[in-house]
Amino acid sequence: MDLEIQNRVKELTEKHGAENVVVIVGGAEAEASGLSAETVAAGDPTFAGPLAGIALGLAAYHMVEPEIKDACDAAVYDEQCGMMEMVLDVDGIIEEVKAVRDEFSKYSL
């Protein structure tokens, strides 16, 4: 997760409260998605960005997780995400992001 996005997440969390912020990640690989989820829940694991050492505890989900997919208009989801979902390791991504969420997130949907 780049430094600009980390800063924006931090600002939005300060403005709205961590209990009111849910982060939706969309990485194409499980490891990258897990790192993004970890960054907003437990703090930047690289200790390089604005969230270094700051555990926001935010709920983080991937776009392909059922909780998010089911909340979307089916036609829009299919148009925007359907093709990618066919080539991604959806189960691996879900497993990785859920494991991070279960360990570090203080909040959920």
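How many aromatic pairs does the count come to? In this predicted model, the count of aromatic pairs comes to 0. An aromatic ring does take part in a contact of another kind, with a charged group: the charged end of Arg 101 lies over the ring of Tyr 61, at 3.9 Å from the ring centre.

Arg 101 also takes part in a salt bridge. The search of the whole structure returned 4 salt bridges, among them the pair formed by the side chains of Glu 65 and Arg 101, with an N to O distance of 2.9 Å. This pair links distant parts of the chain, 36 residues apart. Glu 65 belongs to the loop between β2 (59-62) and α3 (66-69), whereas Arg 101 belongs to helix α5 (residues 90-104). Glu 65 and Arg 101 are both buried. Arg 101 is thus described by two contacts, one with the carboxylate partner Glu 65 and one with the ring of Tyr 61.

A further salt bridge is that of Glu 85 with Lys 69, where the closest N and O atoms are 3.1 Å apart. Here, too, distant parts of the chain are linked: Glu 85 is in helix α4 and Lys 69 is in helix α3, with their positions 16 residues apart in the numbering. Lys 69 has a relative accessibility of 30% and therefore counts as partly exposed.

The side chains of Lys 98 and Asp 102 likewise meet in a salt bridge, with an N to O distance of 2.6 Å. Lys 98 and Asp 102 are separated by about one helical turn, because they are 4 residues apart in helix α5. Lys 98 is partly exposed, its relative accessible area being 39%, and Asp 102 is exposed, with a relative accessible area of 52%. Helix α5 therefore holds both partners of this bridge, and Arg 101 of the bridge to Glu 65 is in helix α5 as well.

The cysteines were examined for covalent links. The count of disulfides comes to 0. The sulfur of Cys 72 has its closest cysteine sulfur in Cys 81, at 6.8 Å, and this is too far for a bond, so the two remain unlinked; the cut-off for a disulfide is 2.5 Å between the sulfur atoms. Cys 81 is accordingly in no disulfide, the nearest cysteine sulfur being that of Cys 72. The two residues were also assigned accessibility classes. Cys 72 counts as partly exposed because its relative accessibility is 28%, and Cys 81 counts as buried because its relative accessibility is 17%.

A nonpolar patch was found on the surface. The patch consists of Met 83, Met 84, Met 86 and Val 87, which together have about 490 Å² of accessible area. Met 83 lies in helix α4, which spans residues 74-87, and Val 87 is in helix α4 too. Met 83 counts as exposed because its relative accessibility is 62%. Val 87, at 63% relative accessibility, also counts as exposed. In addition, Val 87 lies 9.1 Å from Ala 28, C-alpha to C-alpha, although 59 residues separate the two in sequence. Helix α4 thus contains the patch members Met 83 and Val 87, along with Glu 85, the partner of Lys 69 in helix α3.

Technical notes: Residues numbered from 1 in each chain as written. Predicted model: local features only at pLDDT ≥ 70, side-chain atom pairs only at ≥ 80, totals over all residues. Heavy atoms only, no water. Phe/Tyr/Trp six-rings, centres within 6.5 Å; stacked < 30°, edge-to-face > 60°. Lys NZ or Arg CZ within 6 Å of the ring centre and 35° of its normal. Patch = residues over 30% accessible without salt bridge, like charges linked within 9 Å, V, L, I, M, F, W, Y side chains within 5 Å. Areas by Shrake-Rupley, 256 points an atom, 1.4 Å probe, with all protein chains shown as cover. Helix = DSSP H or I, 4+ residues; strand = E, 2+ residues; numbered from the N terminus. Buried < 20%, exposed > 50% of the residue type's maximum accessible area, 1.4 Å probe, protein only.
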